[in-house]
Amino acid sequence: GNLVRVQAVQNITNRKPMPPKAPEPLSSLWSSDVFTLSKMKESLPKEVFKSVKKTIEAGAELDVSIADVVALAMKDWALSKGALYYAHVFYPLTNATAEKHDGFISVQSDGSTISEFSGKVLVQGEPDGSSFPNGGIRSTFEARGYTAWDVTSPAYIMTTDNGATLCIPTVFISWTGEALDKKTPLLRSNAAMNKAAKRVLSLLGHTDIAPVNSSCGAEQEYFLVDANFVNNRPDLLLAGRTLFGTPAAKGQQFDDHYFGAIPERVQVFMQDVEEQLYRLGIPAKTRHNEVAPGQFEIAPFFESANVATDHQQLLMTVLKNTAKKHGLVCLLHEKPFKGINGSGKHVNWSVGNATQGNLLDPGHTPHSNTQFLLFCGAVIRGVHKYGPLLRAAVATASNDHRLGANEAPPAIMSVYLGTQLDNVFEQISNGKITGSLNAGQMNLGITTLPVFSKDAGDRNRTSPFAFTGNRFEFRAVGSGQSVAGPLVTMNTILADSLGWVADTLESKLAAGTELDTAILETLKIIIDEHGAVVFGGNGYSAEWHKKAVEERGLLNLKTAADALPILKEPYIEALFDKLGVLSPVELASRFEIYAEQYILAIEVEAKLVVSMTKTGIYPAAVKYLSDLSTTLTSLKSNGVELDNASLVQISSLVSSLTDSSAKLSAVLKQHDFATIEEHLQFCAQTIRRLMDEVRVYADALESEISDELWPFPTYQEMLFIK
Ligand code: ADP
Ligand code: MG
């Protein structure tokens, strides 16, 4: 092979393996880097602790009078863990985490230093927000934003090569009060859902109703590639995915990677990751190989949506940092390699509280099942009314490569319920419960609803939104995405639906209808008006795609360019505004930012395609042509005539390559678009088509020219050498 690649393989062969750490007992690791409630209890005066605990449980703002005491205890703990800095961590409207570090150090008037951390800086910070996207919310004269501690998410210590830092999870808000981050709307959406859920529960006759919270357990897929290879792939370095490359002879067709033995190097990496996650109080639970070679999954146990979202961000950071330490690169991109499965993030989501439990759990009695059916029905209604919004919530340039391909859910949002639930809803729609799959004949009222069996065996892997026994699983989320947006969307559409359920029940009850009948009638309306979104068949089939659009009226928004403009629809603006999740200005800013990110991502990739072609692939191809033609001529002069077919074939590929690359270069100069929507479509259609065209010729050349000259690490090397 080519020198650079030979060197890379040598480096990998000669590297000293990272020694596995002696496993520490979980009890000593667990949350050791988190300023937990129990640590607060130990270090705070009793009255202060009580007040903080109450604040955390209610999700309210911390009382300034006690903030100083909490800050002092937190600082002492952080110093004892070796932290010299603290940071307000926030989640800007990219999928990244941002933090501003400040030292605890404070210089006294006599020149000596002390460490200082007041309640004021614990509770509120002022990062220079001007470099974060704000989608036009802030004009330059009010460019500052502020961060405020989200007391419901605990502070923790993050240790990197640069030392240890006390991290404080915060919201990020403009001085005019607009949310500039992903956490604020998540907290608001949870509050809206709580309010609506409580209304329904109280109409169902509950008197003791604890706050209803959403929960999230996210399954994270990722790839690991040796850093020696990545450093020689500008596309992986800058875009996170390969823009060129022919699939290896051995892909995933043998399916022997899935649940296969985890390679030793990867196992050492995973153990390191898990240990850090445990220290951070993140309940990492399952780990296994994924379908594609070099692909893996980690799934922490579910937690409250807000904390799970912070933990998800942390988990991605830990994965990336730890990979670096192990000489690997962790790719969170949705489609790093063509021809093998991409990566997603399945977001498992449920809602519940301390008094009624998981409201999406069917439970053991017909009575709890009625309640379950109402909440489940509310989700169905939400996905039907706002399916395009769900699609928009997972719309990124990178996720375009996954949705709609035959491995991930299709871009059409539908709900999978499983046969038993399907059957129950069908009976409700028919006006009477006449029987169930496992409870024999029935022709009575709601009190005889069957006890549900968990439908775990019947999981439809092609559905983007599936009921999986006691939760819904949103499978269209991108592996590199924050889970905040999808959770905001699910909480918000559920809040809207539960509000409608409460209104409907209220008016029926006021008209003198019995509760049981009112519930059945409400469920019937839901299934009659929104049942079109329920689908249990093969989501990949062409038949479904046609039927979904033509008969069921569902939208097939194939690319993010198609999906993002949904955010501008009046009915979406009304939804977020009415529920107090996002104001029209905040929503508009999100469209601006996500559209801009889409355009930027595709433009960066297109530029890489042009430069890798010009400086890597073209030179290799012409060098080979020149060598080949010299050899053929010299052989001929010695009386040996070889067929020159490959010379002709390769030259034709080279000219097609340069032609298409020149066309791509030219369209990249186009900058005048009437609307941002037009620009989005231009990226999705024109630019991408030309990128694909260049790739066809480049990939063909990879299989034609001498391996010795090929400048970039190959799929085979990247996926199979570890
Ligand atoms: P699978 O791969 O079969 O979908 P996993 O066990 O890998 O399942 O992941 C399931 C995820 O769902 C885990 O994060 C788990 O904690 C989470 N989960 C389980 N129950 C709930 C629930 N009630 N609400 C939210 N998430 C849940
Ligand atoms: Mg799953």
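What span should the 13 residues of helix H4 (residues 46-58) have at 1.5 Å a residue, and how far apart are its end C-alpha atoms? In this predicted model, the expected span of H4 is 18 Å, and the end C-alpha atoms lie 18 Å apart, which agrees.

The buried residues of H4 are Val-48, Phe-49, Val-52, Thr-55 and Ile-56. These residues cover an arc of only 125 degrees around the axis and therefore fall on the same side of H4. They pack against helix H3 (37-43) and helix H5 (64-80). On the face turned away from this buried side, H4 carries the exposed residues Lys-46, Glu-47, Lys-50, Lys-54, Glu-57 and Ala-58. Within this exposed set, the side chains of Glu-47 and Lys-50 form a salt bridge, with an N to O distance of 4.0 Å. The two residues are three positions apart in H4, about one turn of the helix. An α-helix has 3.6 residues a turn, so residues three or four places apart point the same way. Glu-47 has a relative accessible area of 56% and counts as exposed because the cut-off is over 50%; Lys-50, at 52%, is likewise exposed.

Helix H11 (residues 305-325) was examined in the same manner. Its 21 residues should span 30 Å at 1.5 Å a residue, in agreement with the 30 Å between its end C-alpha atoms. Of these 21 residues, 16 are buried, so H11 is largely enclosed by the rest of the structure. Gly-327, which follows H11, has a positive phi, near 70 degrees.

The count of salt bridges comes to 28. One of them joins Arg-279 to Glu-275, with the closest N and O atoms 3.0 Å apart. Both residues belong to helix H10 (residues 264-279), where a spacing of four residues separates them by about one helical turn. Arg-279 is partly exposed, at 22% relative accessible area, whereas Glu-275 is buried, at 11%. In helix H16 (residues 542-550), Glu-550 and Lys-546 are also four residues apart, about one turn. Their side chains meet in a salt bridge with an N to O distance of 3.0 Å, and both residues are exposed. A network of salt bridges links Arg-5, Asp-707 and Glu-717.

A nonpolar patch of about 280 Å² occurs on the surface and is made by Leu-237, Leu-238 and Val-604. Leu-237 is located in helix H9 (residues 234-239) and is partly exposed, with a relative accessible area of 47%.

How values were computed: Residues are numbered from 1 along each chain as its sequence is written. Chains are lettered from A and ligands numbered from 1 in the order in which they are written. This is a predicted model: local features need pLDDT of at least 70, side-chain atom pairs count only at pLDDT 80 or more; totals for chains, interfaces and linings use all residues. Side-chain values use heavy atoms; hydrogens and water are left out. Patches are made of residues with over 30% relative accessible area and no salt bridge: like charges are joined within 9 Å, nonpolar side chains (Val, Leu, Ile, Met, Phe, Trp, Tyr) within 5 Å. Accessible areas come from the Shrake-Rupley method with a 1.4 Å probe; for residues, only the protein chains shown count as cover. Buried means under 20% relative accessible area, exposed over 50%, partly exposed in between (1.4 Å probe, protein chains only). The expected span of a helix is 1.5 Å times one less than its number of residues. The arc is that of the directions from the helix axis to the C-beta atoms. Contact means heavy atoms within 4.5 Å.
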